[in-house]
Structure formats: C-alpha cells, structure tokens
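Dear colleague,

Here is the structure I said I would pass on. My notes on it follow below.

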Amino acid sequence: MNLRHIEIFHAVYVNGSVSAAARALNISQPSVSKTLRHAETLLGFELFQRTNSRLVPTEDAHALFGNVADIQERVRALREAGRNLRTGAGTTLRISALPSLALGALPTAVSRFLQLHPEVRFDLHTVHHNDLLRKLYERETDIAIAAEVPRGAPLGQVWLGEGELVVFYREQDMPDAPSRVELTRLAGHSFITLAASGPIGQLFSTELDRLALDLDEVASARTFYIAAALVRAGVGVTIVDNFTAEASMAPGLAMRSLKPPLTFDVHAMHLLDRPPSALALEFLALLREVIEAP
C-alpha cells in the first residue's frame with residue numbers, strides 16, 4: 001500500500017461510506033472506489049464488506065487500522081511541519097550584521113518581513129569583521145552580513161547590494177559643500193578618523209595613501225556609530241558608510257558622496273553545510289531591496 005491507498009482506506013474506515021470519504025478528501029466517489037479496490041487487490045483480501053449503502057470493515061481491516069492511523073498521524077504532522085516552514089511558524093532567523101546595517105537597514109527589513117510573516121522570530125546580533133567567522137563556526141548565528149567575505153574561508157555567500165563611503169558633517173562646518181566632495185576638501189577641518197574599522201576603513205586608508213593626504217585628526221573612533229556621534233557633538237567631520245550616515249541623520253547634519261566614489265559590496269555569509277532556508281532567502285531578498293533602495 002502506498003500513501004494514497006492508506007489515505008483512502010483511513011477515510012472510508014472513519015467515515016463509513018465512499019461518499020462520506022470522498023467529501024472528506026474533496027475528491028470524486030469513483031476515485032475513492034477505484035483506489036480502495038486497488039488496495040484490496042494489492043493486499044489480497046477485502047477491507048470492507050458492501051452492505052446496502054455502507055461499507056463494513058472486515059476483521060482484517062480492524063487489524064490493519066491501528067497501523068494505518070499511526071501512519072496518517074505522521075503524515076498529518078509532516079504536512080503541518082511543511083506549512084509551518086512555509087509560513088514561518090516556530091521559525092527563528094538568527095542573523096548577525098555589521099553595526100552600520102543594524103542601525104537602519106536591518107531593522108527596516110525585519111519590520112517589513114514581520115508584516116508578511118508574523119509568526120517568525122528573529123535573533124539579531126551585531127558582528128565585527130574579525131569576529132564573523134567565529135560566530136558562524138560556533139553556531140552563534142546562521143547568517144553573517146558584512147562588507148567583505150574573509151579570504152579562503154569555506155563560506156557560501158549571497159550578494160545584498162552596494163554601499164559607499166560618505167562625508168558626514170554638520171552643515172555649519174561645511175555650508176557650501178558640493179553634491180560630491182573630494183577628500184582634499186577635508187584638509188583644514190577637524191577630522192574624526194576610524195581605528196580598526198575593518199575592510200571599509202581599509203578602503204578609506206588606501207585612498208588616503210593614494211592621494212598622499214594628511215588630515216587634521218582630532219579623535220579616532222572604533223566604530224562608525226561613535227564617529228557619527230562625535231560629529232553630532234561638534235567634534236569634527238568624518239567618513240562613514242552611507243548606512244551609518246542615513247541612520248544617524250538629524251537636523252543640522254548632512255552627508256555627501258565622495259569624488260571619486262568609494263564603494264563596497266555587502267554580502268550575507270553562511271557555512272557551506274548550513275545553507276539558508278527558503279524563509280531566510282526570502283528575508284535576504286527583502287533586505288537587498290532595502291539596501292538598494294534609492
């Protein structure tokens with residue numbers, strides 16, 4: 001007997017007739033009768049005696065029903081699990097992201113996703129570039145979102161979009177700033193530099209070396225968020241990624257793209273033996289929309 005035979009036998013046994021079983025399964029009566037006869041042929045004995053309009057289970061059917069009911073319950077549980085996976089019920093998405101993305105893009109994506117899948121739960125962390133491999137290997141997170149995939153690491157990746165470095169400043173400090181700012185224009189301004197800021201900070205440092213440019217550094221910050229907070233406090237101007245700048249924006253503050261632009265890719269990373277679920281991929285697609293939104 002295959003699962004279809006079992007399903008038909010169970011429905012007829014429980015409902016007592018072909019017509020009632022057909023209604024319960026939402027199929028035609030001839031389909032129920034044909035499948036039931038096929039099951040009896042395979043088994044080599046009758047499951048029901050035809051009495052007027054009812055089917056009376058045989059002793060063999062009674063003996064078989066206990067095992068069939070158990071199989072039906074397992075199939076029902078399997079279907080329910082499939083529905084839960086599809087809707088997200090009981091699912092927790094464990095995601096770590098750069099602090100800059102955790103300030104704005106990630107919360108926005110989570111909010112939109114929960115409108116579509118209210119049963120999903122999120123376990124969110126911030127992660128710095130030097131720590132993302134450990135979080136993945138030690139199973140602290142399932143997906144790590146960062147600007148650069150560590151070289152040589154056995155990781156799968158999903159491209160989420162592009163970010164860029166921007167000048168973040170108080171309008172009163174640079175009232176006549178053009179739409180795109182050359183780094184040389186920052187000379188003479190109090191500058192907040194970024195210390196140990198990973199690949200994005202290295203991108204900026206490389207550009208400074210290329211230009212042989214020395215800026216008037218008055219403070220250093222370990223994170224973009226601290227650098228942005230120092231700008232708000234009037235300490236000076238800084239270079240941060242556009243995600244931090246957008247999340248930190250307030251009256252009197254402004255951001256400008258660089259000339260030439262300094263851009264970087266954003267990736268979601270996972271262990272090769274733990275690929276993202278369909279639900280996680282759907283969330284990453286939504287996050288990509290948020291990151292790439294103009």
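To begin with the aromatic residues: Phe9 and Phe48 are both buried. Please keep in mind that this is a predicted model.

The structure contains 9 aromatic pairs. In one of them, the ring centres of Phe9 and Phe48 are 5.7 Å apart and the planes meet at 50°, so the pair counts as tilted, the class for angles that are neither under 30 degrees nor over 60. This pair joins distant parts of the chain, with Phe9 in helix H1 (residues 3-15) and Phe48 in strand E1 (residues 48-51), 39 residues apart. Ring pairs also bring Tyr13 and Phe65 into a cluster with Phe9 and Phe48.

Tyr13 serves as a reference point for Asn67 as well: the two are 54 residues apart in sequence, and their C-alpha atoms are 13 Å apart in space. Asn67 sits in helix H4 (residues 59-87). Its relative accessibility is 55%, so Asn67 counts as exposed, the cut-off being over 50%.

Helix H9 (residues 224-232) has four buried residues: Phe224, Ala227, Ala228 and Val231. They lie on the same side of H9, because they cover an arc of only 100° around the axis. In general, an α-helix has 3.6 residues a turn, so residues three or four places apart point the same way. After H9 comes Gly234, with a positive phi near 85°.

On the surface, Tyr225 and Ile226 form a nonpolar patch with Leu103, and together the three have about 260 Å² of accessible area. Leu103 belongs to helix H5 (residues 99-103) and is partly exposed, at 34% relative accessible area.

Best regards

Technical notes: Residues are numbered from 1 along each chain as its sequence is written. This is a predicted model: local features need pLDDT of at least 70, side-chain atom pairs count only at pLDDT 80 or more; totals for chains, interfaces and linings use all residues. Side-chain values use heavy atoms; hydrogens and water are left out. Helices (H or I, at least four residues) and strands (E, at least two) are DSSP runs, numbered from the N terminus. Buried means under 20% relative accessible area, exposed over 50%, partly exposed in between (1.4 Å probe, protein chains only). Patches are made of residues with over 30% relative accessible area and no salt bridge: like charges are joined within 9 Å, nonpolar side chains (Val, Leu, Ile, Met, Phe, Trp, Tyr) within 5 Å. Accessible areas come from the Shrake-Rupley method with a 1.4 Å probe; for residues, only the protein chains shown count as cover. A salt bridge is a side-chain nitrogen of Lys or Arg within 4 Å of a carboxyl oxygen of Asp or Glu. The arc is that of the directions from the helix axis to the C-beta atoms. Rings of Phe, Tyr and Trp (its six-membered ring) pair if their centres lie within 6.5 Å; planes under 30 degrees apart count as stacked, over 60 as edge-to-face and the rest as tilted.
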